[in-house]
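This report walks through one protein chain, from its overall make-up to single residues. Keep the sequence and the coordinates open while reading.

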Amino acid sequence: MREKELRLALVCYGGISLAVYMHGITKEIWRLARASQAFHGDQTPQSGSQAIYHALLTEIEQHSNLRLRVLIDIVAGASAGGINGVFLAQAISTGQSLEPLTKLWLDSADVEALVDPTQAPKSRFSKAWAMPLTWMAARRSGTSVDALVEPGTRAEVHAKLSHFIRSRWFEPPFGGELFTGLLLNALDAMAASERGARLLPPGQPLDLFVTMTDFRGHPERLKLNSPPEVIETEHRLIASYGDHGERRDTLAHPAELAYAARATSSFPGAFPPFTIAELDAVLRKRNVDWPGRMAFLERILPQHSAAQAAESTVLIDGSVLANAPFRPAIDALRERPARREIDRRFVYIDPQPGVKIHFGDTSAESPGFFQTIIGAVSELPRQQPIRDNLEAIAEKSRRIESMRSIIAGIRSEVESAVESLFDYTLFLDSPTPSRLAAWRNKAQHAAARAAGYSYAAYGRLKLSGVVEGIAQLLYHAGGELGPERWQQIRSAVGAAVAARGFDQMTSSFSGGGSKEAIDFLLSYDLGFRIRRMRLLARRLSELESEHEEADLEPIREAIYLSLADYLECKRTERHAHLRRDVRLMRGDAGPLLDKIALSLNMNGIDRATEARFATALDGLARDIKRPILLTYLGFPYYDVATLPMLQGEGLDEFDPIKVDRIAPDDARSIRAGGAAATLKGIQFNTFGAFFSRAYRENDYLWGRLHGAERMIDITLSTLDAAAMLPAARVAAIKRAAFLAILDEEAPKLAAVPELIETIRREIG
């Protein structure tokens with residue numbers, strides 16, 4: 001049985017009251033992950049969409065001989081997406097349930113629950129003259145409130161709109177402390193829920209990134225030619241969290257999670273800006289201790305803390321400058337372990353794609369004074385397309401495809417070179433660990449000689465990558481974050497490498513490099529080992545179409561276990577014992593080089609790898625052993641040819657990255673028309689769901705339905721073209737999921753019984 005992991009990096013956009021819709025979507029993603037875990041644990045969910053997903057994974061296994069595991073290991077979010085990202089990451093890391101959040105979203109995401117009591121109108125006559133503004137806001141698209149709202153909810157919406165519009169002006173109507181308390185309540189409800197297992201395999205880390213905006217900004221130094229240094233003001237901030245592959249009672253202290261959720265969703269004008277003082281006040285009222293407060297602020301706001309300004313930092317909505325936080329999610333790929341074939345997806349949730357902001361008249365006339373100002377400072381930055389992010393992912397995928405094409409093109413030459421180098425010895429002798437080590441060294445020297453003048457450039461590129469890698473490990477082990485400290489460590493490591501003569505690389509005609517340089521690479525070149533294992537994994541996947549899975553299993557296990565060992569060396573926790581040494585280091589980094597070499601233990605892992613390979617290869621058929629050995633020994637030839645093209649980075653995972661979107665426009669099995677045809681929260685400039693429970697129930701239900709449809713689509717898209725299920729069968733699976741969701745929610749969603757019956761008729 002072939003195994004594959006569908007790994008999801010989830011990017012959640014902002015959407016104000018569409019957060020309720022996004023909760024429905026993330027709930028389905030979470031349920032798919034739970035179904036996958038149950039499937040691999042030989043457990044069977046009894047009901048709901050989770051049972052449908054479990055049956056889908058079973059059918060895929062029976063139909064295509066593929067045992068698929070679905071997991072979410074990276075989550076990034078902004079604003080409303082940031083809140084949902086925090087809750088989802090907490091559930092994945094701890095095994096807690098998202099179920100308690102549904103009631104909280106439906107009950108508490110209401111204007112009456114969010115309006116600060118001090119901002120509420122004093123009487124029903126307060127600002128009665130301002131009532132026309134309510135209707136003006138509702139008529140932006142030319143539709144009246146009564147036409148937008150079902151008859152049964154019109155009175156509720158009218159009353160809440162009136163209350164909202166007559167709140168005190170020139171001050172945010174929603175309460176900051178009130179909202180912070182609701183976020184802590186949600187985390188408490190999750191903690192009190194029935195807890196299952198962590199939704200990632202042991203050692204597979206979860207990373208969470210939440211965007212925030214530093215209102216006043218903080219200084220960043222930029223290096224120039226002249227002047228040599230300038231100071232720029234940076235406003236973008238990212239709060240990052242990780243569990244390092246370990247199950248915990250909580251991903252972080254609830255106060256730390258609430259900090260990010262409250263800051264990222266501090267929508268300008270609706271909520272007051274967020275400061276740590278607000279959170280402190282709420283924690284005092286709740287008698288909650290936060291022992292790691294100072295360490296948290298130093299980590300999240302390193303420059304502010306160094307300047308004694310963390311306490312006064314003012315944060316506003318994360319979507320103001322980074323509504324689609326792809327970049328931190330892309331960067332996190334470098335830390336992923338791998339134990340089987342990977343299908344990597346970036347999945348972004350956009351609750352209202354392609355929205356164009358129109359103020360009043362939508363004719364071709366030039367925008368007016370207020371249109372221009374409001375659009376420039378508020379709407380346009382949020383609506384920027386993600387083209388740059390997608391182009392970065394596409395470029396990464398193109399480089400991987402090019403590398404694969406080059407490897408395929410030179411394979412016959414490389415294999416001929418290796419065969420001529422070893423004659424028949426390679427296949428007549430049984431491989432042992434010592435023989436593999438000797439063969440590997442011989443092949444590496446031969447590849448260096450064959451590279452000629454290009455070997456000097458290749459060697460320099462390798463050295464630069466190794467120095468960067470060592471500096472990165474020490475930087476994170478020290479925990480003193482910031483560009484200045486990074487530059488200090490990078491410069492110190494580079495100087496120590498040069499002082500010890502480790503940087504003497506020449507063309508192969510001149511020897512290829514000094515003994516010191518070669519010894520340095522043997523002790524520190526982690527990237528070379530990882531690239532070799534990834535190439536072997538790629539070659540193994542190519543052999544799957546020609547051989548039975550059971551015949552490949554021994555070498556598969558050896559490859560992935562060895563890759564996991566090398567990737568483990570990149571984890572910060574492995575080198576945490578060097579924290580004090582790194583912090584004390586201000587000059588010579590030589591002693592730290594010696595200590596990081598011991599911590600990496602490259603030679604020890606190499607010996608363990610060769611022992612695994614010798615055992616695995618010994619039992620393989622010749623038509624499997626030959627391509628695996630030729631790839632293993634021929635890797636230096638491939639690396640010389642491809643590393644410059646990969647800009648010294650190597651591969652993060654095996655295949656090009658694919659991008660999928662979850663949006664109302666993409667889920668058309670039940671009802672076409674996108675957000676306009678399904679969601680109520682899009683009204684009143686996406687504040688709509690705050691004004692009616694029926695609106696929230698509507699959007700939550702559609703979130704689950706849309707999430708189920710898209711997750712079925714994405715899961716099935718991992719199959720090879722020849723193994724795809726018939727269209728009629730896919731439609732039947734989706735129908736079963738839709739009906740399971742409706743059956744589950746019908747008793748709970750008392751405000752929208754007509755909607756549920758309407759959807760049942762549409763499903764058929």
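Buried means under 20% relative accessible area, exposed means over 50%, and partly exposed lies in between. Glu278 has a relative accessible area of 10%, so Glu278 is buried. The model is a predicted one.

## The chain as a whole

The chain holds 764 residues, and 56% of them are buried. Its secondary structure comes to 32 helices and seven strands. The accessible surface is about 31800 Å². Carbon and sulfur atoms own 54% of that surface. Contacts reach far along the sequence. Take the contacts with a separation of 6 or more: 80% of them join residues 24 or more positions apart.

## Salt bridges

How many salt bridges does the count come to? The count is 46. Three of the pairs are set out here.

| Pair | Closest N and O atoms |
|---|---|
| Arg262 and Glu278 | 2.8 Å |
| Arg293 and Asp280 | 2.8 Å |
| Asp743 and Arg760 | 2.8 Å |

Start with the salt bridge between Arg262 and Glu278. This pair links distant parts of the chain, 16 residues apart. Arg262 sits in helix α10 (residues 254–264), and Glu278 sits in helix α11 (residues 276–286). Is Arg262 buried or exposed? Its relative accessibility is 0%, so Arg262 counts as buried. Glu278, at 10%, is buried as well.

Helix α11 returns in the next pair. Arg293 forms a salt bridge with Asp280. Arg293 lies in helix α12 (residues 293–300), while Asp280 lies in helix α11. The two are 13 residues apart, and this pair too links distant parts of the chain. Arg293 has a relative accessible area of 16%, which means that it is buried. Asp280 has 15%, so Asp280 is buried too.

The third pair is Asp743 with Arg760. Asp743 lies in helix α31 (residues 727–745) and Arg760 in helix α32 (residues 753–763), so the bridge ties together parts that are 17 residues apart in sequence. Why does Asp743 count as partly exposed? Because its relative accessible area is 46%, which falls between the cut-offs of 20% and 50%. Arg760 is partly exposed at 24%.

Salt bridges also join up into a network. Its members are Lys27, Glu28, Arg31, Glu99, Arg704, Glu744, Glu745 and Lys748.

## A negative patch

Which residues gather in a patch of negative charge on the surface? They are Glu546, Glu548, Asp551 and Asp623. Asp551 belongs to helix α23, which runs over residues 549–568. Its relative accessibility is 40%, so Asp551 counts as partly exposed.

## Three loop residues

Ser17 is placed in the loop between β1 (2–12) and α1. Ser17 has a relative accessible area of 0% and is therefore buried. What does Ser17 touch, not counting residues up to four places away in sequence? The list is Gly681, Thr686, Phe687, Gly688, Ala689 and Phe690.

Gln43 comes after α1. Its loop lies between α1 (19–40) and α2 (48–64). Is Gln43 buried or exposed? With a relative accessible area of 53%, Gln43 is exposed, because exposed means over 50%. Setting aside neighbours within four places in sequence, Gln43 is in contact with Ala38 and His54. Gln43 and His54 are eleven residues apart along the chain, and their C-alpha atoms are separated by 9.2 Å.

Pro656 is in the loop between α27 (622–642) and β7 (658–662). Its relative accessibility is 16%, so Pro656 counts as buried. Not counting residues up to four places away in sequence, Pro656 touches Ser397, Ile400, Glu401 and Arg404. Where Arg344 is concerned, the C-alpha atoms of Pro656 and Arg344 are 7.7 Å apart. Along the chain, 312 residues separate this pair.

## In brief

Ser17 and Pro656 are buried loop residues, with relative accessible areas of 0% and 16%. Gln43 is an exposed one, at 53%. Among the salt bridges, Arg262 is buried at 0%, whereas Asp743 is partly exposed at 46%.

Technical notes: Residues numbered from 1 in each chain as written. Predicted model: local features only at pLDDT ≥ 70, side-chain atom pairs only at ≥ 80, totals over all residues. Heavy atoms only, no water. Patch = residues over 30% accessible without salt bridge, like charges linked within 9 Å, V, L, I, M, F, W, Y side chains within 5 Å. Areas by Shrake-Rupley, 256 points an atom, 1.4 Å probe, with all protein chains shown as cover. Salt bridge = Lys/Arg side-chain N within 4 Å of Asp/Glu carboxyl O. Lys, Arg positive; Asp, Glu negative; His and termini not counted. Charge placed at Lys NZ, Arg CZ, Asp CG, Glu CD. Helix = DSSP H or I, 4+ residues; strand = E, 2+ residues; numbered from the N terminus. Buried < 20%, exposed > 50% of the residue type's maximum accessible area, 1.4 Å probe, protein only. Contact = heavy atoms within 4.5 Å.
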